[in-house]
Amino acid sequence: TTASATPVAAEPTYPLRGPVTSADQIASAARNIEAEATTTYAWVVSQTRAEPRAWAVAALRNAAIRELDFQGTPENFPGADEFADR
């Protein structure tokens, strides 16, 4: 509301790509969710300044760390595919 936008309620679940019945599938789904979150937060970092940017940087860092917890690949610039080193 501070940015003159109408807030949208968060979804109660995340959409998954197929069935999730094993530990490996759970880890893969979680890794994908965190990877998508880093992309979103990286975009927010690129579009904001001051307090919103500081919040987005912290959210980006935390999502990237959670992605690593699920056996993700470390990246120099998580969420910024144009700078990916893979």
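Which helix holds Ala50? Ala50 belongs to α2, the helix that covers residues 50-69.

## Overall build

This is a predicted model. The protein has 2 helices and 0 strands. Its C-alpha trace measures out at about 45 × 35 × 20 Å along the principal axes.

Of the contacts with a separation of 6 or more, 40% join residues 24 or more positions apart.

## Burial and surface

The protein has 86 residues, and 20% of them are buried. The accessible surface is about 6,700 Å². Carbon and sulfur atoms supply 57% of that area.

## Charge

Negative side chains number 11 and positive ones number 7. The centre of the positive set and the centre of the negative set are 5 Å apart.

## Two residues with positive phi

Ala50 has a phi near 55°, which is positive although the residue is not glycine. Ala50 sits in α2. Its relative accessibility is 63%. Ala50 counts as exposed because exposure begins over 50%.

Ser4 also has a positive phi, near 60°, and is likewise a residue other than glycine. Ser4 is found in the segment before α1, a helix of residues 23-47. Is Ser4 buried or exposed? Ser4 is exposed, because its relative accessible area of 72% is over the 50% cut-off.

Definitions and conventions. Residues are numbered from 1 along each chain as its sequence is written. This is a predicted model: local features need pLDDT of at least 70, side-chain atom pairs count only at pLDDT 80 or more; totals for chains, interfaces and linings use all residues. Side-chain values use heavy atoms; hydrogens and water are left out. Helices (H or I, at least four residues) and strands (E, at least two) are DSSP runs, numbered from the N terminus. Buried means under 20% relative accessible area, exposed over 50%, partly exposed in between (1.4 Å probe, protein chains only). Contact means heavy atoms within 4.5 Å. Accessible areas come from the Shrake-Rupley method with a 1.4 Å probe; for residues, only the protein chains shown count as cover. Lys and Arg count as positive and Asp and Glu as negative; His and the chain ends are not counted. The place of a charge is taken as NZ of Lys, CZ of Arg, CG of Asp or CD of Glu.
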